[in-house]
Structure formats: C-alpha cells, structure tokens
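Visitor: Please show me the structure, and then let me ask how its labels are justified.

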Amino acid sequence: MKQITDILQLKELTSQYRSEGRSIGFVPTMGFLHEGHLTLVEKARQENDIVVMSIFVNPAQFGPGEDYEAYPRDLNRDAKLAEQAGADLLFTPSATDMYKGAQNVAVHVKRRTDVLCGRSRTGHFDGVATVLTKFFNLIKPNRAYFGLKDAQQAAVVDGLIEDFFMDIELVAVDTVREEDGLAKSSRNVNLSAAERKEAPMIYKALQKGAELIRDGERNPEEVVKAVTGIIENTSGVIDYVELYAYPELTPIETLNGKIILACAVQFSKARLIDNIIIDIDEWERS
Ligand code: AMP
C-alpha cells in the first residue's frame, strides 16, 4: 500500500491508474478505523482494480463546540488496518492543503438536511459535500463507498452525485455492529464503561420500532413514541427519534414504501447515531 499526503502525487497516481484502464473504488473516512470502515474497503476491493482510502478529519464539517479536536486519531494503526483490508493507496492530506488559501466556493446542500442530524448540525452536510467534491475531483473514482450508519450522509451524497452529473456509482453498505448490536463507531471509545453498557439499547429500541411496523403499525407517531420510551431508560439525552421516507427524507403521514427510522443520542462525551431502513412494501409482499 502507498501512503501519501501530497495532492499532486495523488492526482498523478490516480490519473495513471485511469490511463491504464483500471477502475478505482474510493472509501472516504475520518480514520480511527474499525470493522465498519474495513467492510467498505473489502467491498471496494471486490469491485475495483484499485482501492483508494482517505483519512481526513474534515474541519469544515464540525460546528463550533463539536468534537473536532477530541475526534480520536491513530494514523499508524489505521495504516496497518487499511493495508490488511486491501487498500492500495491511503491518502492522508493536511487540512491546510485541502483548504489552501481563501476558499472561493463551498457546496451548499439544499435538501435532505433540514431533518435528523442536519437540523442541529448547521453546515455539517455543506462541509461533507464540499470536501467530497474536492476528493471526487482529485480521485475521479468509478465507485464511492458509504456506510448506511450515516444514512443521511449517503442520501446527501446521492443528491450531490445526481445534481452535479458526477460519473460515480454510490455504493451504500449496511451498518456493521458489535455483537450486542451497538453500531460500530470511532466515537464509541468516548463512552464511559457505564454508558457502553447502556448504548446497545439504542439499536434494541429501533428494532422494537421496526417490529411494531412489521406487526402493522402505520402511524409514525406511535413508532417514534415507543422507540423514545425505550431510549429514555438510558442516561443519554435524545437529540431526535424521527421517521421519514428514504432517501428523500420527507415526512410521511401513513407509513409506506422505503422509510428510515433514525435517532441520535447524546452521552456525556459521545453523540451516537443509528437507524434502521425498512422497505415496507417489500415486507408486505413477503
Ligand atoms: P467516518 O470515518 O465516521 O466518517 O466514516 C467513514 C465511512 O465509514 C462512512 O461512509 C460511514 O458511514 C462508514 N461507517 C462508519 N461506521 C460504520 C459502520 N458501523 N458500519 C458501516 N459503515 C460505517
């Protein structure tokens, strides 16, 4: 695996791969890698000739008071894991190189951001879309891999690729979980021991919501109430429990079609998010 920090070198290498007719799969991350990230790399490995992974804690997607400084980092460990999982190229640029000089343009996301995390994290998805536009232009990947743990992000990227006519296939990958159901996340290390014990309740609550829908509940408010009631038994503070059409992220009065049931819970030093995506029509057919 080649590990590079230089933008020009990245452009040269990726344009060489393209001229050789090799397909490129791209896995953007913020590092502190876990099995969730590595699953994306393994999938990219199966589907492309070259796998490029980026590790970049993107300042533009953190708001004031968020955990940009405290975000966990361990580049040496990450490089070994990325190589073992099958990455060919690990790109770890500096923030000054990625945002050189005064920035002339930033991407503003107009839809799919007024709900879920977008509501409280003002500007977060603009920062995500801006840095991804930079990465996509530098790497020009054939496919880009995103986890459904960050389902709103995947929905935003879907809109970015479509509206800007990018020739990139978005590959969305299911959430990888710990044995007790907690969604794997770099932020889980910031949970206290007691919080770590409670955190699996989040997924249990979402599963209970899914079970209600499976049993015929079609009123979103009832589902949200049940899920909220379970999460309230933890010491975490609920930011939201919400239900929308997916990937449009528009409200639905009577549950139908493809929906997302998602939540965010703030523990003392970690804000956890999780979701379940359900195709109700498919369930009804089966
Ligand atoms: P991050 O480093 O948190 O920005 O995540 C980088 C990519 O890995 C994003 O596409 C995430 O959605 C994905 N990812 C993070 N955690 C998981 C997980 N538990 N399962 C699947 N994908 C994940």
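The turns below set values against definitions.

Guide: This is a predicted model, in which local features need pLDDT of at least 70, side-chain atom pairs count only at pLDDT 80 or more, and totals for chains, interfaces and linings use all residues. Residues are numbered from 1 along each chain as its sequence is written, and side-chain values use heavy atoms, with hydrogens and water left out.

Visitor: What makes a residue part of the group around the ligand?

Guide: One of its heavy atoms must lie within 4 Å of the ligand. There are 18 residues around the ligand, and M30, H37, D150, V176 and K184 come nearest.

Visitor: Why is the pair formed by H37 and the ligand called a polar contact?

Guide: A polar contact is a pair of N or O atoms within 3.5 Å; within protein, one must be able to donate a hydrogen and the other to accept it, and residues adjacent in sequence count only if both atoms are side-chain atoms. A polar side-chain atom of H37 is 2.9 Å from a ligand oxygen atom, so the pair qualifies.

Visitor: How do you know that the structure holds zero disulfides?

Guide: A disulfide needs two cysteine sulfur atoms within 2.5 Å, and the structure has zero such pairs. For C117, the closest cysteine sulfur is in C263, 9.5 Å away, which is too far for a bond.

Visitor: Why is C263 called buried?

Guide: Buried means under 20% relative accessible area, exposed over 50%, and partly exposed in between (1.4 Å probe, protein chains only). C263 has 0% relative accessibility, so C263 counts as buried. C117, at 7%, also counts as buried.
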